[in-house]
Amino acid sequence: MERRLFIVSNRLPVNIETHDDKTTVRPSPGGLVTAIDSYMQKKELANEKEFDKKLWVGVPGCTYSNWSRVAGDLSNEQYEYLPVFIPKKTFEGYYNGMANSVLWALFHYFPSFAEFNSNNYQHYHTANNEFLSVLMRHLRPNDTVWIHDYHLLPLAGMLREQMPELTIGFFLHIPFPSYEIFRIMPKRWQRDLLKGMLGADLVGFHTRDYADHFLKCVQKVLGIDHYMNVLRMPERLIQVGVYPISIDYEKFHGAWDDKTVKKLREQMKSQFPDKKIIFSADRLDYTKGVTNRLRGYEYFLNKYPEYREQVVFVMVIVPSRDALSKYAERKKMIDEFIGSLNSTLGNFSWQPVFYQYNALNFEELVAMYTSCDLALITPIRDGMNLVAKEFVASRKDEHGVLVLSEMTGAAKELTEALNINPIDIEEIAEKIKRGLEMSPTEQKARIRKMQQRISRYDVTRWAEEFFNDLNESKTMKQNFQVRFLDSTEKTQLIYDYAKARKRLLLLDYDGTLSPIVSLPQLAQPSDELLDTLRLLSSDERNDVFIISGRDATSLNEWLGDLPVNIIAEHGSLVKMKNGSWMQAPHAAADWQPLVADMMERYVANCPGSFIEKKRFALAWHYRNADEETAPGYAMDLYEELNGSADKVNVNVIRGSKVIEVRSTGIDKGKAAQNILQNKDYDFIFACGDDTTDEDMFRQLAGVKNSYTIKVGTEASYARYNLHTSEMVLPLLQNFGHTGTKKAELST
Ligand code: GDG
């Protein structure tokens, strides 16, 4: 079957222009197109072709009738374009109202600029629905969909509902804010938007900070935890990753030698002979810090007057979102500031700022990048900022200084730039001076290092890493699922048990051998269970392990008389049958007083909750606490504990209505691994109900002759699910019964 990739973004990468009643259409390939195309080329060259067809879904920026007139002109393009037509009023509310007036403002930490309006929120959903409708007309279950940016936060969730099997990636190009900012939105919006994003299999961000903010918001708002950046929903897993976007390095580096670029560069230099040139280029936006940049420049000229007439600032602003009043106001502010600065500091022979409110073409832009002495990039917030990377890549001469705001995603990678806090006008002035006075040797060293990094991690690599992880998430999805053991598989399981010569049985206790009860001490084993365990463990072909998070004392009290092996506290303590207890090398308890203090506060505030003390673990249970309020306390405690976890070398685990803390390096997976090292089993059976059992299932995935069983209806790394713990004992009884009839079965 044809393998297809659907790219979804607000706008289609095409330019449609109508002049004198004639409409023309031209593809306008941006960074994303380059990234995807070069990734695919690379795959094809390696004979690993992944997609047969590429389709792009987005708003075309023209009317339906204009599109119909020109659509044929695009038929030979690499992409099939699927236009989404959104009624004007809906588009206005979706694009200007919600995306740009709420999400853009809030996600860039400008909460006072956010204009909350429930009609616009509704329009935002309706518009996302329009994208959904177009997609649903074309999609097949084995397709891959890659959704881009803040305009389309709900879309992955909408798609997932309709087509659970789809592979969906989502990438956010702007920052993801901290929870304190995110929570400013109405709660319903917070939940909807996050749930929407969680429709994807892979959610990508530019930086670790943005990913961490997202994970925290998901935990606070939806109560979903992550383990190593994987979020677990009842029915599936979602991976969260960091993919700093980059540029087409060769395009910018190679442009140095382009004839037109060369000519324009010389023109620029001869226009300002003997002057240092400072350059900046950005879209008109309040996030870009343009007025502060100008203030910093003004401060520099006032503090260091010897630089007057020795320097010019060439500033390009690209018009953007002019329908919004905030943007029109910004334009006015910039115009006025520049007018005043030029008239107060300038004279008939020198103008401090040269300003253009219009985009440059590619050659002009690179000519500016390569003729200036210093690029001054000062956003108050910026997801990444590609201008900084483009400037560095363009400098084939290994000259020029980058002054870069530490509030950009790019600052995390371009560590050799001169960093500034964009609010600090004095710092901007000092760094301008430092940059203009930097020796050519230092400039070269800094630019070289940054070029090495950008050329290695270019836009192709960005796409490659995203797709690699998206593919991995497909495999993860296949391994993590709900699959109930049916009667044929059960017969096979029992048959395999019967014919095996050396068997390993790993049995969790609470929720598996015994149902969950209100107090841990009430979960005594029934006589029936004890008889079954006795029967199984008396068969010399069997190694039976009770593998539990429980304390050793109660396990010993209840099961100590049986010839079973016991693993207590997730592996901290082990007792081989008829032997004595041994402690795992990593087990430690010195952290307990600190953690107990934290937990005590939660016991006081959350009536009904209690602490279970084990030798090497502490568990805060809230199964008997108020159902409404307890999960909130659990989340706070979890977070507080996690904040201190690294310092004291512990792991914090969220189980079913319990938060448990134990020494690092101890889990049921590692315990299972230790057992497997010692013997060659030809039948392995592992059964458990809790998140802690997933470590064991993951460890056994792919191990020959192994059957892993999850008790419960949630997705799991286990091969099979059993609905309830009541189904476990009859299965074990079947084993016991069959074991005695081995001869009969094997004949
Ligand atoms: C969003 C995020 C993130 C600028 N002036 C001219 C011109 N440009 C081009 C640059 C660059 C692009 O515009 C600007 O890229 P940025 O990264 O700075 O910002 P946004 O477009 O707002 O993008 C941002 C990005 O997504 C990618 O994920 O980095 O943080 O806000 O490519 O070259 N191009 C031309 N003339 C100009 O005058 N031709």
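Colleague: What makes the approach of R283 to the ligand a polar contact?

Modeller: In this predicted model, an N or O atom in the side chain of R283 is 3.2 Å from an oxygen atom of the ligand, and because a polar contact is a pair of N or O atoms within 3.5 Å, the pair with R283 qualifies.

Colleague: How do you know that D382 and G383 also make polar contacts with the ligand?

Modeller: For D382, a side-chain N or O atom is 2.5 Å from a ligand oxygen, while for G383 a polar backbone atom is 3.1 Å from an oxygen atom of the ligand, so each pair falls within the cut-off of 3.5 Å. As for cover, the protein takes up 77% of the 730 Å² of accessible area that the ligand has on its own.

Colleague: Which residues come nearest to the ligand, and which element gives the most to the shell?

Modeller: Among the 20 residues around the ligand, H173, L360, D382, L386 and E390 come nearest, and α14 gives the most to the shell, with three residues. By class, the shell has twelve nonpolar, four polar and four charged residues, and at least three residues are drawn from each of domain 1 (4–242) and domain 2 (249–456).

Colleague: Why is T408 called buried?

Modeller: T408 has a relative accessibility of 1%, and because buried means under 20%, T408 counts as buried. This residue lies in the loop between β16 (401–405) and β17 (418–420), and, leaving aside neighbours within four places in sequence, T408 is in contact with P379, D382, M384 and N385.

Conventions: Residues numbered from 1 in each chain as written. Predicted model: local features only at pLDDT ≥ 70, side-chain atom pairs only at ≥ 80, totals over all residues. Heavy atoms only, no water. Near = heavy atom within 4 Å. Polar contact = N/O pair within 3.5 Å; in protein donor to acceptor, adjacent residues only side chain to side chain. Areas by Shrake-Rupley, 256 points an atom, 1.4 Å probe, with all protein chains shown as cover. Helix = DSSP H or I, 4+ residues; strand = E, 2+ residues; numbered from the N terminus. Nonpolar A, V, L, I, M, F, W, Y, C, P; charged D, E, K, R; others polar. Domains from an automatic or database assignment. Buried < 20%, exposed > 50% of the residue type's maximum accessible area, 1.4 Å probe, protein only. Contact = heavy atoms within 4.5 Å.
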